[in-house]
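Please open the model in your viewer and keep the sequence panel beside it, since the tour below moves from the whole chain to single residues.

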Amino acid sequence: MAATATPGTHMAALKPGVALRRSAAVRPCVAFLGAEQREACWAKLASSSHISSRDLFSQKHASKVVTFRNVVTRAMSSANESTPLPGLPVDLRGKRAFIAGVADDNGYGWAIAKSLAAAGAEILVGTWVPALNIFESSLRRGKFDESRALPDGSLMKITKVYPLDAVFDNPEDVPEDIKANKRYAGSAKWTVQEVAESVKQDFGSIDILVHSLANGPEVSKPLLETSRHGYLAAISASSYSFVSLLKHFVPIMNPGGASISLTYIASERIIPGYGGGMSSAKAALESDTRVLAFEAGRKHKVRVNTISAGPLRSRAAKAIGFIDMMIDYSLENAPLQKELSAEEVGNAAAFLASPLASAITGTVLYVDNGLNAMGVGVDSPIFENLDIPRSK
């Protein structure tokens with residue numbers, strides 16, 4: 001059998017037919033159960049390991065050879081939040097996370113929510129107002145159930161979904177045409193300030209804030225052809241929105257909390273096709289990460305980091321129009337020749353949000369199979385005569 005690593009669980013798999021002898025380095029209460037010890041050891045073992053069946057252990061065994069078969073384990077439940085964990089786990093039990101920018105089940109925001117949930121965190125999300133009805137309907141109808149599956153077999157639970165448009169800080173900022181827009185009809189309290197106030201009223205505090213938001217209305221235009229409006233819109237939606245979120249949420253974040261955003265290598269390298277001011281917005285986001293790490297760290301004991309993620313075939317990325325080419329380029333040129341998964345970015349976020357990263361702040365963490373380290377594209381015909389290592 002196989003044991004899956006789940007939040008708060010570190011199990012060793014007992015293979016069918018494996019015999020444990022007295023000479024093996026095992027604890028007596030695991031393999032050698034005398035008549036007087038059996039009940040006490042079973043109670044301790046069942047409590048700590050969650051073994052679902054007692055039948056195999058109720059048999060009388062001599063303390064010579066014991067064979068274990070079909071032992072089934074399951075993940076530790078939230079009832080054991082106070083139980084110390086062995087090893088070095090990413091343990092977020094008892095923590096609450098707000099992820100801004102989740103509108104479907106195939107982007108980095110969703111993947112981060114899943115990894116945080118797998119580590120034990122409670123999940124709240126903020127969804128762009130025009131996408132709210134479709135997102136909530138898909139959740140209710142079970143459309144996302146397959147992608148909600150966690151390592152222990154349970155489904156990620158989203159405690160509450162909040163309508164959110166992070167382009168607007170407060171109700172006074174919302175123009176009349178947006179207020180009258182039918183896509184916003186039926187939703188209320190969706191500016192950044194109002195959402196933070198609603199979360200405070202509903203839950204009191206949070207521990208983790210995730211910014212998974214980006215939009216550039218002129219992203220397909222070269223920078224030289226980008227209008228002032230398009231450029232400032234990209235900055236507003238993709239970088240200042242993070243400043244605004246942290247400004248309004250940090251007062252309700254518990255000391256030791258963590259804030260995470262998502263950036264892209266276009267902040268520091270030329271990526272043709274990634275235009276409309278989006279490269280500038282990502283550069284601003286990384287600079288703001290360092291400044292906010294200082295200010296939020298000194299004033300609120302909150303850490304601030306950003307993840308520079310590689311290309312992903314998400315719905316949002318497909319809107320750029322060349323995401324497939326970027327993935328192919330990464331496969332050919334990155335040190336690790338494999339396609340990046342959203343889960344890998346989600347797991348990196350869970351680490352940054354955990355106590356294991358308690359001294360990490362103000363940093364850009366690259367999760368891109370190492371592509372950021374490359375100075376040239378080794379798939380160029382210029383290098384065809386070089387003996388370049390390839391993945392087998």
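What percentage of the 392 residues in the chain do buried residues make up? Buried residues, meaning those under 20% relative accessible area (exposed is over 50%, partly exposed in between, with a 1.4 Å probe and protein chains only), make up 46% of the chain. This is a predicted model, in which local features need pLDDT of at least 70 and side-chain atom pairs count only at pLDDT 80 or more, while totals for chains, interfaces and linings use all residues. Residues are numbered from 1 along each chain as its sequence is written, and side-chain values use heavy atoms, with hydrogens and water left out.

Begin with the whole chain in cartoon view, where there are 12 helices and nine strands, taken as DSSP runs numbered from the N terminus (helices are H or I, at least four residues; strands are E, at least two).

Next, select Ile-99, Leu-116, Ile-123, Phe-135, Ile-158 and Ile-307, which touch the most other members of the largest nonpolar core, a set of 42 residues. Such a core consists of buried Ala, Val, Leu, Ile, Met, Phe, Trp, Tyr and Cys residues joined through side-chain atoms within 4.5 Å. Helix H4 (residues 108-118) gives the most to this core, with eight residues. Centre the view on Ile-123: leaving aside neighbours within four places in sequence, its contacts (heavy atoms within 4.5 Å) include Ala-97, Ile-99, Leu-116 and Ile-158.

Now select helix H7 (residues 192-203) and helix H8 (residues 228-249), whose axes come within 9 Å and cross at roughly 35 degrees; the axes are lines fitted to C-alpha atoms over the stretch in contact, and angles run from 0 to 180 degrees between N-to-C directions. On the H7 side, Val-192, Gln-193, Val-195, Ala-196 and Val-199 meet Ser-244, Leu-245, His-248 and Phe-249 of H8.

Move on to the loop between helix H6 (176-179) and H7, where Lys-189 is found. Lys-189 has a positive phi of about 55 degrees although it is not a glycine, and at 51% relative accessibility it counts as exposed. Lys-301, in the loop between helix H9 (278-300) and strand E8 (303-309), has a positive phi of about 60 degrees, again without being a glycine. Most residues other than glycine have a negative phi.

Finish at Gly-375, in the segment after strand E9 (364-367), which is exposed, with a relative accessible area of 75%.
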